[in-house]
Amino acid sequence: MGLQIDIQAIVANWQALAAKAPAARAAAVVKADGYGLGAAKIVPALYAAGARDFFVALAREGQAIRPHLPADARINVLSGHMEGADLTGLVPVINSPEQFFRDRAMRPGKPFAIQLDSGMNRLGMEPAEWSSLRDEALAAGPAFIMSHLACADEPEHPANAMQLAAFREMTEGVDLPLSLAATGGILLGKDYHFDLVRPGVGLYGGMPFADALPVVRLSLPVIQTRFVEPGEIVGYGATWSADAPRRIATVAAGYADGILRILSGSGASLYADGVACPIVGRVSMDLVTADVTHLRQVPAELDLICPEQPIDAVADRAGTIGYEILTSLGHRYERSYL
């Protein structure tokens with residue numbers, strides 16, 4: 001099983017998104033092990049391209065990449081100062097008064113940032129909490145203040161303007177770097193850019209950055225091919241049977257490797273040098289079957305993710321989003337980096 005990851009495409013996507021917000025500093029979101037693609041390989045290349053600000057979800061993710069970055073790289077932890085977290089060399093993004101007081105008691109003088117809740121109701125201080133803590137928090141010197149958009153991938157959604165107005169109101173008069181936009185927010189335009197932008201899924205070839213270069217190719221080895229006669233079944237549950245003589249290829253991957261079971265019967269395909277081979281029967285734990293009757297020769301590998309079927313096309317077939325496809329890619333794949 002081969003998962004090919006184009007590091008230079010990630011860098012090019014970062015540069016393209018940074019260019020869309022020229023007045024802001026461009027960070028890189030590398031949480032969930034670089035969206036499943038290997039943060040330890042990705043962050044040095046982004047640093048070499050000019051990135052100095054990195055975002056992870058958890059402190060342990062920050063510690064995992066800290067050895068791969070020079071000391072001047074800032075690694076920001078979106079979950080903030082959770083109890084027991086090792087924040088050595090990291091910058092917690094404080095989400096609540098409780099976290100603020102814990103952090104200042106345990107890490108006096110150490111860098112931190114603040115997240116405000118501008119309307120997503122997930123993480124961050126709500127307006128009343130922020131109002132009561134604002135003077136003390138600002139006196140402690142946060143590195144930046146951020147919030148997060150709930151609907152940035154839908155440019156016309158009214159929540160975007162509402163959150164923008166709320167963030168501006170909560171940060172009025174603040175003389176610190178401000179950050180609101182991730183990938184979708186960058187694409188909403190300069191009103192959302194502020195001082196620091198946080199591109200994430202767009203780096204890895206995902207929507208809503210439609211102009212992203214493809215980053216991933218997932219090639220699955222063919223274990224066996226067989227001919228089936230009309231009426232014969234393929235796979236668990238006998239959900240598919242041949243309507244004519246068919247040739248079926250079985251590849252070595254399944255839902256244990258992040259090929260979601262719901263892709264069974266979804267119309268998704270595997271690809272042989274750009275030619276679609278429909279997935280037939282159920283996706284099982286370790287195996288997927290595809291109809292290769294129309295191929296003159298069955299190759300050694302069939303692709304699930306490729307230019308003809310990028311991550312968001314797979315996601316559409318599975319009724320999900322590209323983020324889930326990327327972060328579900330299993331550890332059994334042999335990863336190679338271009």
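This is a short walk through one sheet and two helix pairs in a predicted model.

I'll start with the sheet. Seven strands make it up, and the sheet is open. Reading across, the order is S3, S4, S5, S6, S7, S8, S9, with parallel pairing. As a reminder, strands of a sheet pair through backbone hydrogen bonds, either parallel or antiparallel. The edges are S3, residues 28-29, and S9, residues 178-179. Each of these has a single partner strand, so one side of each has no neighbour in the sheet.

Within the sheet, look at S6 and S7. S6 covers residues 91-94 and S7 covers residues 113-115. They pair in the parallel sense, over 2 bridges. Which residue of S7 is the bridge partner of Ile94? It is Ile114.

Next, the helices. Two packed helices are described by the angle between their axes and the distance between the axes, and I'll give both for each pair.

The pair H5 and H6 comes next. H5 runs over residues 97-106 and H6 over residues 127-139. They pack at an angle of about 20°, with the axes 11 Å apart. An angle under 35 degrees counts as roughly parallel, so that is the description for H5 and H6. The crossing of H5 with H6 is left-handed. From H5, the contact uses Pro97, Phe100 and Phe101; from H6, it uses Glu129, Leu133, Glu136 and Ala137. By class, the residues of this contact are 5 nonpolar and 2 charged, with no polar ones.

Staying with H5, which of its residues are buried? They are Gln99, Phe100, Arg102, Asp103 and Arg104. Phe100 is thus on the buried list and also in the contact with H6. The cover over the buried residues of H5 includes S6 and H6, and S6 is the strand we just saw paired with S7.

The other pair is H1, residues 7-19, and H3, residues 39-49. Here the packing angle is about 45° and the axes are 10 Å apart. How do H1 and H3 stand to each other, oblique or parallel? At that angle they are oblique. Their crossing is right-handed. H1 contributes Ile7, Ile10, Val11, Trp14 and Gln15 to the contact, and H3 contributes Lys41, Ile42, Ala45, Leu46 and Ala49. Those residues divide into 8 nonpolar, 1 polar and 1 charged. As for spacing, an α-helix has 3.6 residues a turn, so residues three or four places apart point the same way.

To recap the two pairs: H5 and H6 are roughly parallel, while H1 and H3 are oblique. That's what I have.

Note on methods
Residues are numbered from 1 along each chain as its sequence is written. This is a predicted model: local features need pLDDT of at least 70, side-chain atom pairs count only at pLDDT 80 or more; totals for chains, interfaces and linings use all residues. Side-chain values use heavy atoms; hydrogens and water are left out. Axes are lines fitted to C-alpha atoms, for helices over the stretch in contact, and angles run from 0 to 180 degrees between N-to-C directions. Helices (H or I, at least four residues) and strands (E, at least two) are DSSP runs, numbered from the N terminus. Angles under 35 degrees count as roughly parallel, over 145 as roughly antiparallel, 65 to 115 as roughly perpendicular and the rest as oblique. A crossing is left-handed if the near helix is turned anticlockwise from the far one by less than a right angle, and right-handed if clockwise. Contact means heavy atoms within 4.5 Å. Ala, Val, Leu, Ile, Met, Phe, Trp, Tyr, Cys and Pro count as nonpolar, Asp, Glu, Lys and Arg as charged, and the others, Gly among them, as polar. Two strands pair if DSSP finds at least two bridges between them. Buried means under 20% relative accessible area, exposed over 50%, partly exposed in between (1.4 Å probe, protein chains only).
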